[in-house]
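User: I am new to reading structures, and I would like to understand how the words used for packed helices and for a ligand's surroundings are justified. Could we go through them step by step?

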Amino acid sequence: MVVVGRAAERGPTARLGHYRARDGSHGAPVDVDVDRPHAGLVVGKRGSGKTYTLGVLLEELAATEGVAPVVADPMGAFAPLSDAAIDATVVEPRVRADALDPSLWCALLGLDPASGPGSLVWRAATRRETLTGMAEWVDGSDADAATRRAASNHLSLAATWDVFDPTGLSLESLCGGRVTVLDLSGVDRAPANAVLAAVAGTLYDARVAERTPRLPWLLVDEAHAFTDGVAGRALRRLLTRGRHPGVSCWLATQRPSALPSVAVSQADLLLAHRLTSEADVAALVEARPTYLDGGIEGRLPTATGAALVVDDVTESVHHVQVRERRTPHGGESPRVSERVSGAHHN
Ligand SMILES: Nc1ncnc2c1ncn2[C@@H]1O[C@H](COP(=O)(O)OP(=O)(O)OP(=O)(O)O)[C@@H](O)[C@H]1O
């Protein structure tokens, strides 16, 4: 067995799959280190196996002591985990307003922090813990009526998203040891960003203050939907500084070129499935180290579930076939033939 992501032979590992020979046959098992935190990047074109691979990782993390796996699920692909034979819970994406850093409130609401309404919202977020409390504080402030009205309109908009709740996701529920699936399907981009920023911030702050002994693993599917919103800043912090306090962050995307370059350069484990867009291949090539003789381009796999694993820890490259899932995979597009009885099958 080979373990990617570490040099020393110690601690728990996650079974990723097997070595893949040119003819597709299986070789020795390949595991991923889950003893230490890792920044991971899973890339590949649509249907190449990214979500499936995150699912494999979650199954393994669910069976690992001492970790707190959380997956941000914009497509509802991990909802079937709640019925599976692993300890997983699908949660409503609701977070506490004060889980978002006050500096993020202006960005979230599209307000310039130097403007009157922007600075009012910023101060409200510093002084109050709930969205209702923030709105009341704005109403009672000594700002002029137009500024108060503008700030209060923006806070009302945030209230319509229905993601801020004083009883929202707590550290205890996120780090209780079960797999937490944040079901963001049907949640618009801005509120989904707010939820992920709050969760990423909560996990990071908790580890910095050593308020949880478990090491969180935050997995983000369709990560390109988050990197330019308020979640982007929180994710960048996890990628660059998260490993030190013990937070792992894994992003999966079909568009690596849409991620900030730090997401590619900071990843100590890159799992590249089939990728054909020149811009996306170029984004990987640009940020990858030189020990990849001959570059990435010619080595990317073509079969579904096959991955080129680039391990920055041991500076090695592996051709892997990701193993089959034990739990149901929910990432498949619906087919007419599965829905319409009597549909013709050719
Ligand atoms: N390792 C694997 N072993 C067996 N089948 C796989 C594997 N990986 C992927 N598949 C198959 O390929 C299909 C597509 O995989 P998946 O949903 O993970 O693609 P994706 O890259 O996440 O696509 P999208 O970008 O559209 O979300 C799966 O439904 C599954 O049937």
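Analyst: Let us begin with a pair of helices in this predicted model: Pro-102, Trp-105, Cys-106 and Leu-109 of α2 are in contact with Gly-118, Val-121, Trp-122, Ala-125 and Thr-126 of α3. By class, this contact consists of 7 nonpolar residues, 2 polar ones and no charged ones.

User: What makes Gly-118 and Thr-126 part of the contact of α2 with α3?

Analyst: Two residues are in contact when their C-beta atoms, placed from the backbone, lie within 7 Å, and Gly-118 and Thr-126 are among the residues of α3 that meet α2.

User: Why is α2 called oblique to α3?

Analyst: Helix α2 (residues 102-109) packs against α3 at an angle of about 140°, and their axes are 8 Å apart. Roughly antiparallel is kept for angles over 145 degrees and roughly perpendicular for 65 to 115, with the rest counted as oblique, and α2 is therefore oblique to α3. The crossing of α2 with α3 is right-handed.

User: How do you know that α3 and α5 are oblique to each other?

Analyst: Helix α3 (residues 116-127) and helix α5 (residues 145-160) pack with their axes 8 Å apart and at an angle of about 60°. Since roughly parallel requires an angle under 35 degrees and roughly perpendicular begins at 65, α3 and α5 are therefore described as oblique. Their contact is formed by Gly-116, Pro-117, Leu-120 and Val-121 on the α3 side, while the α5 side includes Thr-147, Arg-148 and His-154. Of the residues in the contact of α3 with α5, 6 are nonpolar, 3 are polar and 1 is charged. The crossing of α3 and α5 is right-handed.

User: Why are α7 and α8 called roughly parallel?

Analyst: Helix α7 (residues 189-208) and helix α8 (residues 230-241) have axes 7 Å apart and pack at an angle of about 25°. Angles under 35 degrees count as roughly parallel, and therefore α7 and α8 receive that description. The crossing of α7 and α8 is left-handed. Among the residues that meet there are Asn-193, Leu-196 and Tyr-204 in α7, and Val-230, Arg-237 and Leu-238 in α8. The contact of α7 with α8 has 10 nonpolar, 2 polar and 1 charged residues.

User: What makes a residue part of the shell around the ligand, and which are the closest?

Analyst: A residue belongs there if its C-beta atom, placed from the backbone, lies within 6 Å of the ligand; 16 residues surround the ligand, and Gly-49, Thr-51, Tyr-52, Gly-305 and Gly-331 are the closest. Helix α1 (residues 50-62) gives the largest share of the shell, 3 residues. Divided by class, the shell contains 10 polar, 4 charged and 2 nonpolar residues.

User: How do you know which residues the annotated domain covers?

Analyst: That comes from the record: an unreviewed UniProt entry gives residues 28-111 the annotation "domain: Helicase HerA central". In the model, the end C-alpha atoms of residues 28-111 lie 54 Å apart, and this span is 25% helix and 26% strand.

Key
Residues numbered from 1 in each chain as written. Predicted model: local features only at pLDDT ≥ 70, side-chain atom pairs only at ≥ 80, totals over all residues. Helix = DSSP H or I, 4+ residues; strand = E, 2+ residues; numbered from the N terminus. Nonpolar A, V, L, I, M, F, W, Y, C, P; charged D, E, K, R; others polar. UniProt positions renumbered as here; feature names shortened; annotations may be inferred. Axes fitted to C-alpha atoms, helices over the stretch in contact; angles between N-to-C directions. Left-handed = near helix turned anticlockwise from the far one by under 90°.
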